[in-house]
Amino acid sequence: MLSDRESDRYSRQLLLSNISEAGQESLVRSKVVIVGCGATGTNLANALCRAGVGHLKLIDRDFVELNNLQRQILFDENDIERPKAVAAMEKLRAINSDISIESEVCDFNAENAEPLVKGAKLILDGTDNMSTRFVINDIAVKLGIPWIYSGAVGTYGMTMTILPDEANPCFRCFLPQQPRPGALQTCDTSGVLNTVPQMITSYAGTEALKFLTGNPLQGGRLVICDIWEADFRVVRIAKRTDCVCCKENNFEFLTVEKCNLCTSLCGRNAVQVRPA
Ligand SMILES: [Zn+2]
């Protein structure tokens, strides 16, 4: 049962037939882990907090810098040099005190991935690098938790919902191996238009709300959008019969050796794949 305050706070989405009171109650009971509090992570956290997801966990090891303010919507000048996860948590608590929000100032890696996502109904990718996404994919498939990939660079973004089941592809079905260092564009080298993370997380956040309110999702759809060109396309991704992760269940990015290797190779360099 929603309280009178919740019925008022969420009244405009309760009116939507695809959410309604049952969907809202499901949202309030949900726990979501957001890995990364950069541009995509803060936009996703903002949407889920305002929509009333009952429990949010924010994970980020970085500190706010002046050049983040162009696009990372939960920070202002007073947050510079503060931990991103903590600054974002405090901003969100001021927006919605009816939900529970916690922060973890740490790297998301092979050693802590499992305890960090424990109890989550959904994991959202708010990172800026491929190495962490491979860790997210392994732990999500291992534990059977759906996750949503989001990436943004330049004027385009990509997102894909990964459903860890027999029928649907995982992230490694799309990208079997880590790209070589320097093979991908990054925001550090190519820049990013601040409307792109908003656009791509509008899609990813919608997927999250659909799932958390009990609506069906479709896996195997890589959504690519160049907002400058108004070019929006969906690419079908097939499940690989030889996928190391979702077919062989070899979760090699949850081993410390592989995880350390990928971090040292890729570091912060890998954000996004240029669509063919
Ligand atoms: Zn796979």
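## Helix H3 and the core of a predicted model

In helix H3, the buried residues are Gly23, Gln24, Leu27 and Val28. Seen down the axis of H3, these buried residues fall within an arc of 140 degrees, so they line one face of the helix. The face turned away from that buried side carries the exposed residues Ala22 and Arg29. What lies over the buried residues of H3? The cover includes helix H1 (4–9), helix H2 (11–14), helix H4 (39–51) and helix H10 (195–212).

Please keep in mind that this is a predicted model. The average pLDDT of the protein chain is 93, and 93% of the residues score at least 70. One stretch deserves care: over residues 263–276 the pLDDT stays under 50. For that stretch, the model has 38 contacts beyond four places in sequence.

Now for the chain as a whole. The protein chain has eleven helices and eight strands. Its C-alpha atoms fill a box of roughly 55 × 45 × 40 Å along the principal axes. How does the radius of gyration fit with a compact globule? For 276 residues such a globule would have a value near 19 Å, and the protein chain has 18 Å, which agrees. Of the 276 residues in the protein chain, 47% are buried. Among contacts with a separation of 6 or more, 71% are between residues 24 or more positions apart.

Next comes the nonpolar interior. The largest nonpolar core has 73 residues, and those with the most contacts inside it are Ala45, Leu56 and Ile123. Helix H10 gives the most to this core, with eight residues. H10 is also among the helices that cover the buried residues of H3.

Ile123 makes a good entry point to the strands. Leaving aside residues up to four places away in sequence, Ile123 touches Val33, Val35, Val117, Ile136, Ala140, Ile145 and Trp147. Which way do the residues of strand S4 (residues 122–125) point? Leu122 and Leu124 point one way, while Ile123 and Asp125 point the other way. All four of these residues are buried, Asp125 included.

Strand S4 pairs with strand S1 (residues 31–35) and with strand S5 (residues 147–153). The table sets out these two pairings.

| Strand pair | Bridges and direction |
|---|---|
| S1 (residues 31–35) and S4 | four bridges, parallel |
| S4 and S5 (residues 147–153) | two bridges, parallel |

Within the first pairing, Val33 stands opposite Ile123 in S4. Val33 is also one of the residues that Ile123 touches. In the second pairing, Leu124 of S4 stands opposite Ile148 in S5.

Finally, two backbone details may catch your eye. Most residues other than glycine have a negative phi. Ser20 is not a glycine, yet its phi is positive, at about 55 degrees. Ser20 sits in helix H3 (residues 20–29). Is Ser20 buried, exposed or partly exposed? Ser20 counts as partly exposed, because it has 13 C-beta neighbours inside 10 Å.

Glu81 is not a glycine either, and its phi is positive at about 75 degrees. Glu81 is found in the loop between strand S2 (55–59) and helix H5 (84–95). With 9 other C-beta atoms within 10 Å, Glu81 is exposed.

Note on methods: Residues are numbered from 1 along each chain as its sequence is written. This is a predicted model: local features need pLDDT of at least 70, side-chain atom pairs count only at pLDDT 80 or more; totals for chains, interfaces and linings use all residues. The radius of gyration is taken over C-alpha atoms; the globule rule is 2.2 Å times the number of residues to the power 0.38. A residue is buried if 20 or more other C-beta atoms lie within 10 Å of its own, exposed if 12 or fewer, and partly exposed in between; C-beta atoms are placed from the backbone. Two residues are in contact if their C-beta atoms, placed from the backbone, lie within 7 Å. The arc is that of the directions from the helix axis to the C-beta atoms. pLDDT is the predictor's confidence in each residue, from 0 to 100. A nonpolar core is a set of buried Ala, Val, Leu, Ile, Met, Phe, Trp, Tyr and Cys residues joined through C-beta atoms within 7 Å. Two strands pair if DSSP finds at least two bridges between them.
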